[in-house]
Amino acid sequence: MLSSCRLVARSGAIQSSLPRTIALRSASTWASVPQGPPAILGITEAFKADSFQEKINLGVGAYRDDKGKPYVLPSVRTAEKKVVDSALDKEYAGITGVPSFTKAAAILAYGSSSDAIKNDRIAITQSISGTGALRIGGEFLARHYPSSKKIYIPTPSWANHNAVFKDSGLEVVKYKYYNKDTIGLDFDGMVEDLKAAPEGSIVLLHACAHNPTGIDPSEQQWRQISDVVKEKRHYPFFDMAYQGFASGDTKKDAFPVRLFESQGHHFCLAQSFAKNMGLYGERVGAFSICCESAEEKKRVDSQLKILVRPLYSNPPVHGARIAAEILNNPELNQQWLEEVKGMADRIISMRALLKKNLEDLGSKHDWSHITSQIGMFAYTGLKPEQMDKLAKEVSRICTKDSYDGAYMHQHSVYATKDGRISVAGITTGNVKRLAESIHQVTS
Ligand SMILES: Cc1ncc(COP(=O)(O)O)c(C=O)c1O
């Protein structure tokens, strides 16, 4: 009956005889929902549509091995087998997740000898990877942070930070971070903006492997940032999506978090196990708040539960069990640490190889930032129009090796317009061709 009414309503002929509510819905309910802007996935789509055999995708934020293939860490395979073989039940986890995972995640970040761990001052909940951790943090601060509802994020920052915090109910403000002239850190600008922010502002800090620039403050600069943050009574929010993946050493990458803890800051932290364990699709992460006391931790913990319960009730268990196995089993843990170092080292060596190839081609540009930056991404300094050329242009390259001294060079190199390339997409097999393309569009 209802469907025949809809049919008639669409024809328009006898709409006037229908109840008004049906006539009003003759247009689609979502007719005025606007089309959103093209997202990063646009790169993957353009890459897939390109039929050139030697195309290169440097847009994806996931590790690839030297054959350009996704990599499942052997330690993850072993841990997963152990989890499956132990035939655990599939009951719900508690609201804050798998305790053996969250306890180990906190130790990985803060260090087992930290005062906060020893005195049980860390409120922690499992999260839907790093993004979920940031969102829980944003929601918690919007609800409970007493001084301000503004969060300062670096310029530029990971593209999702703005949306996550805005949707959490915070106002997003920017602080200076990147100096496009030096393709390095604008440390003075950063400090100036942190000093100028109203006392008690929330400040987002990338703990390591800043995305998208790959530019991190030095340890000395972190100490100065800590002083400014303390002086201004700001509230630091660390995003640590790449612990171990940046330098190859989980302790070194956690330096700023551990420094701030030792300096007596109160702060919060988002952790992701997507990159350092390659658990991207398993969505394993944690959000923690470093509290003043064990008593405060209890209250904060209860509010985290109140926040999470209506969001998703409780997190998935499988990935967290894998991560817990790796973090808690000494042998597997050692193996994992070596594998993380292996991934970081491959990235570091691809940076060096790209720079060398550019120099061998006679590029007049200073490419030292490629090797001084760290982590999955390199901020090349290439302009949007040069990135466009990298994807689309076909150029004529002269070379003494080629038969007639020249050959057509199709770039088909895909990455974001801001000049960010994922170093994880570079291999010993494609680095020469990539360097040729970059040299072409920058000469
Ligand atoms: C800086 C930063 N934070 C957080 C994330 C969140 O990642 P995920 O939700 O996959 O853990 C990413 C992912 O690229 C990132 O680069």
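This report walks through a predicted model of a protein chain, from its overall make-up to the surroundings of its ligand.

## The chain as a whole

Let's start with the big picture. The chain has 443 residues, and 43% of them are buried. Its secondary structure comes to 18 helices and 15 strands.

How do parts of the chain that are far apart in sequence meet? Among contacts with a separation of 6 or more, 74% are between residues 24 or more positions apart. You can see one such meeting at I128, whose C-alpha is 6.9 Å from that of P315 even though 187 residues separate the two in sequence.

## A sheet of seven strands

Now look for the open sheet formed by 7 strands. Their order is β2-β10-β9-β8-β7-β3-β4, and the pairing is mixed. The edges are held by β2 (122-128) and β4 (171-176); each has a single partner strand, so one side of each has no neighbour in the sheet. From one strand to the next, the twist averages 25 degrees.

In general, strands of a sheet pair through backbone hydrogen bonds, and they can do so in a parallel or an antiparallel way. Both kinds can be found here. Strands β3 and β7 are parallel and share 2 bridges, with I151 standing opposite I202 of β7. Helix α7 packs on this sheet and touches β2, β7, β8, β9 and β10, while its direction makes about 160 degrees with that of β9.

## Strand β9 and its two partners

Is strand β9 (residues 267-272) buried or exposed? All 6 of its 6 residues are buried, so the strand is largely enclosed by the rest of the structure. Its side chains alternate: F267, L269 and Q271 point one way, while C268, A270 and S272 point the other way.

Strand β9 also shows two senses of pairing. With β8 (residues 235-240) it pairs in the parallel sense over 4 bridges, and Q271 of β9 is the bridge partner of M240. With β10 (residues 284-290) it runs antiparallel, joined by 6 bridges; here C268 has I289 of β10 as its bridge partner.

## The end of strand β2

I128 belongs to strand β2. This residue counts as partly exposed because 18 other C-beta atoms lie within 10 Å, and a buried residue would need 20 or more. Setting aside neighbours within four places in sequence, I128 is in contact with R283, G285 and P315.

## Helix α5

Helix α5 (residues 99-110) has 12 residues. From its first C-alpha to its last it reaches 16 Å, close to the 16 Å expected at 1.5 Å a residue. Its buried residues are F101, T102, A104, A105, A106, L108, A109 and Y110. Just after the helix comes G111, which takes a positive phi of about 90 degrees.

## Unusual backbone spots

Most residues other than glycine have a negative phi, and most peptide bonds are trans. That makes a few places worth a visit.

Two residues other than glycine have a positive phi: S129, near 55 degrees, and S412, near 50 degrees. S129 is found in helix α7 and counts as buried because it has 25 C-beta neighbours inside 10 Å. S412 sits in the loop between β13 (406-410) and β14 (413-414); with 22 other C-beta atoms within 10 Å, S412 is buried too.

There are also cis peptide bonds to find. One joins T155 and P156, with omega about -5 degrees, and P156 lies in the loop between β3 (150-155) and α8 (159-167). Another joins N211 and P212, with omega about 20 degrees; P212 lies in the loop between β7 (202-206) and α10 (219-231).

## Around the ligand

Which residues surround the ligand? They are G61, S129, G130, T131, W158, H206, N211, D239, A241, S272, A274 and G285. By class, this shell has 3 nonpolar, 8 polar and 1 charged residues.

Which helix gives the largest share of the shell? Helix α7 (residues 129-144) does, with 3 residues. Some names in the shell may already be familiar to you: S129 has the positive phi, N211 takes part in a cis peptide bond, and S272 is one of the buried residues of β9.

Conventions:
Residues are numbered from 1 along each chain as its sequence is written. This is a predicted model: local features need pLDDT of at least 70, side-chain atom pairs count only at pLDDT 80 or more; totals for chains, interfaces and linings use all residues. A residue is near a molecule or strand if its C-beta atom, placed from the backbone, lies within 6 Å of it. Ala, Val, Leu, Ile, Met, Phe, Trp, Tyr, Cys and Pro count as nonpolar, Asp, Glu, Lys and Arg as charged, and the others, Gly among them, as polar. The expected span of a helix is 1.5 Å times one less than its number of residues. A residue is buried if 20 or more other C-beta atoms lie within 10 Å of its own, exposed if 12 or fewer, and partly exposed in between; C-beta atoms are placed from the backbone. Two strands pair if DSSP finds at least two bridges between them. Two residues are in contact if their C-beta atoms, placed from the backbone, lie within 7 Å. Axes are lines fitted to C-alpha atoms, for helices over the stretch in contact, and angles run from 0 to 180 degrees between N-to-C directions.
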